[in-house]
Amino acid sequence: METRLLYLTDAYQRTFEATVVAAEGTAVALDATAFYPGGGGQPHDVGWLTDGVRTWRVTTVRRQGSLVWHEVEGAPPPVGETVRGEIDWERRYALMRTHTALHILCGVVWRDYGAKVTGGNMEPLRGRMDFEFETLRGELVREIEEKVNAEVAAARPVRVFFMPREEVDRHPDLIRTKANLLPPEIRTVRIVEIEGLDIQADGGTHVANTREVGRIRIVDYKSKGRINKRIEIALDPSP
């Protein structure tokens, strides 16, 4: 059994139908899902499952092996049940905007300063990314903020495609983290490209155009070590 990962090809799919293929405690695994199970610094989705009569709140989503498990409130639907899933779209879209904003930041820093990523995390409308900078002063931060917002205004398309692992291994720049975190068993790699700015391996959800991100504000920066500097960003509630 395995769960078809609908979010990999369509981040804008808010609802879907699926069959419960396994149950354990208050969690169910589905044969397909649009819920993102978390990873790469992006939190998991939340939302609802319904069978048309009962509705369950989905509080946690996790991927375990080939299955995605959805933790629900109350006794879960039984194996074999057909359910309709609905994502908490306001939260998901905020995370999509935030994730793309971090890729814009990463693309600008890589293109103009050659610094790799050493860590990152996000929540809706806020995120942080750590880079291999020896020094990071206010003047440089203001310069970076101006550049990332120029990329938002450029309305660059964001596209997703897949590439054989062998080809990815021949292009190390597709891995923007200092350490290559791709497990060796992954033979097909999902690539997210901001046309004309950034291209890298990534499994998360993104908006379709940089203009959807809205203004990016750098709200803090700090040193996390000799060559490890953190930049924290925030987005407005609406683009």
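The following paragraphs lead from one helix, through a hairpin, to the nonpolar cores of this predicted model.

Helix α1 covers residues 89-113, and because each of its 25 residues is taken at 1.5 Å, the helix should span 36 Å, a value with which the 35 Å between its end C-alpha atoms agrees. Of these 25 residues, 19 are buried, so α1 is largely enclosed by the rest of the structure. Just after the helix comes Gly114, whose phi is positive, at about 65°.

Further along the chain, strand β9 (residues 117-123) runs antiparallel to strand β10 (residues 126-131), and six bridges join the two. Within this pairing, Gly120 has Met129 of β10 as its bridge partner. The two strands form a hairpin with two residues between them, and in the turn Leu125 has a positive phi of about 75°.

The helix and the hairpin meet again in the largest nonpolar core, which has 36 residues and in which Leu105, Phe131, Ile144 and Ile216 have the most contacts. Two or more residues of this core come from each of α1, β9, β10, α2 (138-153), β12 (188-194), β14 (216-223) and β15 (229-235), and α1 gives the most, with twelve residues. How such elements come together can be followed from Ile144, which, when its neighbours within four places in sequence are left aside, is in contact with Leu105, Val109, Tyr113, Phe133, Leu136, Ile218 and Ile231. Separate from this core is a second one of 20 residues, among them Val20, Ala32, Leu49 and Val68.

Technical notes: Residues are numbered from 1 along each chain as its sequence is written. This is a predicted model: local features need pLDDT of at least 70, side-chain atom pairs count only at pLDDT 80 or more; totals for chains, interfaces and linings use all residues. Side-chain values use heavy atoms; hydrogens and water are left out. Helices (H or I, at least four residues) and strands (E, at least two) are DSSP runs, numbered from the N terminus. The expected span of a helix is 1.5 Å times one less than its number of residues. Buried means under 20% relative accessible area, exposed over 50%, partly exposed in between (1.4 Å probe, protein chains only). Two strands pair if DSSP finds at least two bridges between them. A nonpolar core is a set of buried Ala, Val, Leu, Ile, Met, Phe, Trp, Tyr and Cys residues joined through side-chain atoms within 4.5 Å. Contact means heavy atoms within 4.5 Å.
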